[in-house]
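Colleague: I would like to learn how to read a structure of this kind feature by feature, with the general idea before the particular case. Could we look at it together?

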Amino acid sequence: MILKNKTLSPRLLSLIILVFQFQSVFGQEEAFKTEILKWPDGKKAAISLTYDDGTYNQFHVALPIMEELGMKGTFYINTGEIPSSQTRAQFFGRDPKVIIAESASIPTNEENIFERASLIRFLDMPGAVSYHDRSGSTYEQGRVEQACKILDEGFAKARELKVTELVYPKIIDGEMIDWEEIRKYADNGHEFGVHTISHPRLAVLDEKNLLFELEACRDEIERELGKEQLFSAECPFGTENERVMEYALEMFPALRNRMPEAYLEEINRSGKFDASQDYGKEYIQWQRGPLSKTTPELMNSWVDDILTREDTWLVLVFHGIEGIGWEAIPEDRIRAYFEYIAGKSKDVWVAPFRDVTQYMRQRMNTNMTKTVNKDMISLKLESDLDPYWYRQLLTMKTYIPTYWKSVTFIQGGKTETLEVQKDAGGSFVQYNADPNGGELALKNVGR
């Protein structure tokens with residue numbers, strides 16, 4: 001309808017203004033749709049480079065390559081092996097001579113298996129640690145009777161050799177770096193986490209010895225590096241034993257062994273990842289453990305697979321490097337692999353295990369309150385997470401009206417001009433917000 005030279009009645013004019021205002025406000029609410037992106041800076045996937053045991057060439061071969069490429073990693077260390085550590089491995093319990101003597105007439109059973117498995121690794125005889133490790137592995141497979149028989153064999157040998165002395169269990173061969181050097185790496189952004197004092201099979205330790213291995217390692221790291229390094233831990237051998245997990249999850253905010261989050265699908269090192277499958281979860285954590293004979297092609301394929309999706313976190317678990325440690329991987333293969341990952345930096349976020357866990361939890365536990373007017377949107381971020389641990393910047397994406405041509409981001413004392421971008425959903429801006437930094441605002445400064 002076209003009106004020519006007509007005067008609108010006051011009632012009709014008010015109705016038109018009311019409809020226009022409703023459409024304008026409604027349009028702004030739609031335009032200001034805001035989300036926290038799945039990964040920082042809109043990346044498609046995350047990778048964490050993690051190491052177990054703290055062997056020498058992890059720091060003198062692999063770490064320099066990482067730093068050259070701008071990568072930070074996570075090192076789970078056995079503190080009892082570090083030269084200047086205050087606490088060494090020890091056995092807590094009854095007189096070892098009494099336990100050894102009893103083993104002659106009382107077979108190992110479900111009532112005494114933890115005590116004997118805790119002790120045997122300290123006995124001064126060849127193969128002591130092996131008896132412990134093999135019995136622990138067998139126990140975790142549910143073969144309790146066989147685990148008991150392995151310990152019986154070990155104690156029979158101890159009686160035959162007339163063992164009376166205890167010694168530190170020898171776990172790692174070769175030179176170890178010391179705390180002064182570790183402290184420099186921690187200050188440079190690498191994560192150092194608990195891997196126990198002396199790398200036992202925690203599932204077959206009794207309570208006192210199990211707790212000592214975790215707590216003494218924790219306390220040593222806090223003493224040398226500070227509490228901030230106590231976010232994540234890895235219980236040795238990748239155990240998922242329920243009793244061990246119950247203790248460890250009480251002590252640490254996160255475990256590489258297990259992360260019981262409703263939004264996370266966990267695929268451990270023995271599991272299979274199907275890049276085409278809908279797992280029905282917001283995130284997937286896929287662990288892979290490269291070994292000495294793992295081909296470069298296979299290792300590269302893990303990176304390629306996660307980039308076919310936008311929800312996957314690849315956790316790589318390394319042990320030996322360049323001839324030192326279990327299943328040592330040569331330097332040239334490590335360099336080639338890290339360079340391959342670095343070549344995907346546009347789409348991959350490489351970060352310590354701690355940082356990735358924190359970002360995911362913050363995203364999944366943050367609520368937003370939004371206030372909108374014509375030329376500004378204010379956002380308040382709130383969560384119940386402990387701000388001591390959860391301080392990762394969150395990458396936000398906000399759609400804006402088409403008439404916004406220049407946008408300023410304001411939070412605390414920070415002001416930043418944002419690039420206006422476009423996708424199928426319309427015009428938007430992307431920015432990094434501090435979840436603990438107070439209310440933030442986006443302001444239209446373009447006219």
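Colleague: How much space lies in the second largest pocket?

Modeller: Please keep in mind throughout that this is a predicted model. About 220 Å³ of space lies in the second largest pocket, and of the 13 residues that line the second largest pocket, those closest to its centre are Leu-37, Lys-38, Gly-42, Lys-43 and Glu-310.

Colleague: Which strands each supply at least two residues of that lining, and how does the lining of the second largest pocket divide by class?

Modeller: Strands β1 (34-36) and β17 (426-433) each supply at least two residues of the lining, and by class the lining of the second largest pocket has four nonpolar, two polar and seven charged residues.

Colleague: What volume does the largest pocket have, and which residues are the closest to its centre?

Modeller: The volume of the largest pocket is about 670 Å³. It is lined by 25 residues, of which Asp-53, His-199, Phe-237, His-319 and Trp-326 are the closest to the centre. Strand β2 (45-53) and helix α5 each supply at least two residues of this lining, and the lining of the largest pocket comprises six nonpolar, nine polar and ten charged residues.

Colleague: His-199 caught my eye in that list; where does His-199 lie, and is His-199 buried or exposed?

Modeller: His-199 lies in the loop between β4 (191-194) and α8 (207-225), and with a relative accessibility of 11% His-199 counts as buried, because the cut-off for that word is under 20%. The backbone there also deserves a look, since the phi of His-199 is near 60°, a positive value in a residue other than glycine.

Colleague: Where is the other positive phi that I should look at, the one of Lys-162?

Modeller: Lys-162 is placed in the loop between α6 and α7 (179-187), and Lys-162 has a positive phi of about 55° although Lys-162 is not a glycine. Lys-162 is exposed, with a relative accessible area of 67%, whereas His-199 counts as buried.

Colleague: How should I read a helix such as α6, and how far apart are its end C-alpha atoms?

Modeller: The general idea is that an α-helix has 3.6 residues a turn, so residues three or four places apart point the same way. As for length, α6 runs over residues 144-160, and its 17 residues, at 1.5 Å a residue, should span 24 Å; the end C-alpha atoms are 25 Å apart, which agrees.

Colleague: Which residues of α6 are buried, and which are exposed on the other side?

Modeller: The buried residues of α6 are Ala-147, Cys-148, Ile-150, Leu-151, Gly-154, Phe-155 and Ala-158. These residues cover an arc of only 155° around the axis, which puts them on the same side of α6. On the other side of α6, Glu-145 and Glu-160 are exposed. The elements that cover the buried residues of α6 include α3 (96-102), α4 (113-120) and α5 (128-140).

Colleague: Which residues of α8 are buried, and what span should α8 have?

Modeller: At 1.5 Å a residue, the 19 residues of α8 should span 27 Å, and the end C-alpha atoms are 27 Å apart, which agrees. Buried residues of α8 include Leu-210, Leu-211, Leu-214, Ala-216, Cys-217 and Ile-221, and the list also holds Glu-213, Glu-220 and Glu-224. Among the elements that cover the buried residues of α8 are β3 (74-77), α4, α7, β4 and α9 (242-251). Just after α8, Gly-226 takes a positive phi of about 100°.

Colleague: Which residues line the largest cavity, and how much space lies in it?

Modeller: About 40 Å³ of space lies in the largest cavity, which is lined by Gln-90, Ser-118, Arg-121, Phe-122, Leu-205, Asn-209, Phe-212 and Glu-213. Helix α8 gives the largest share of that lining, three residues, and by class the lining of the largest cavity divides into three nonpolar, three polar and two charged residues.

Colleague: To finish with a single side chain, which residues does Thr-357 touch?

Modeller: Thr-357 is found in helix α12 (residues 353-365) and is buried, with a relative accessible area of 0%. Not counting residues up to four places away in sequence, Thr-357 touches Phe-231, Ala-254, Met-259 and Trp-313.

Terms used:
Residues numbered from 1 in each chain as written. Predicted model: local features only at pLDDT ≥ 70, side-chain atom pairs only at ≥ 80, totals over all residues. Heavy atoms only, no water. Helix = DSSP H or I, 4+ residues; strand = E, 2+ residues; numbered from the N terminus. Expected span 1.5 Å × (residues − 1). Buried < 20%, exposed > 50% of the residue type's maximum accessible area, 1.4 Å probe, protein only. Arc of directions from axis to C-beta. Contact = heavy atoms within 4.5 Å. 1 Å grid on protein atoms, 1.4 Å probe; cavity = no way out; pocket = protein on both sides within 12 Å on 5 of 7 lines; lining within 4 Å. Points joined across faces, edges and corners; volume = space filled by probe spheres on them. Nonpolar A, V, L, I, M, F, W, Y, C, P; charged D, E, K, R; others polar.
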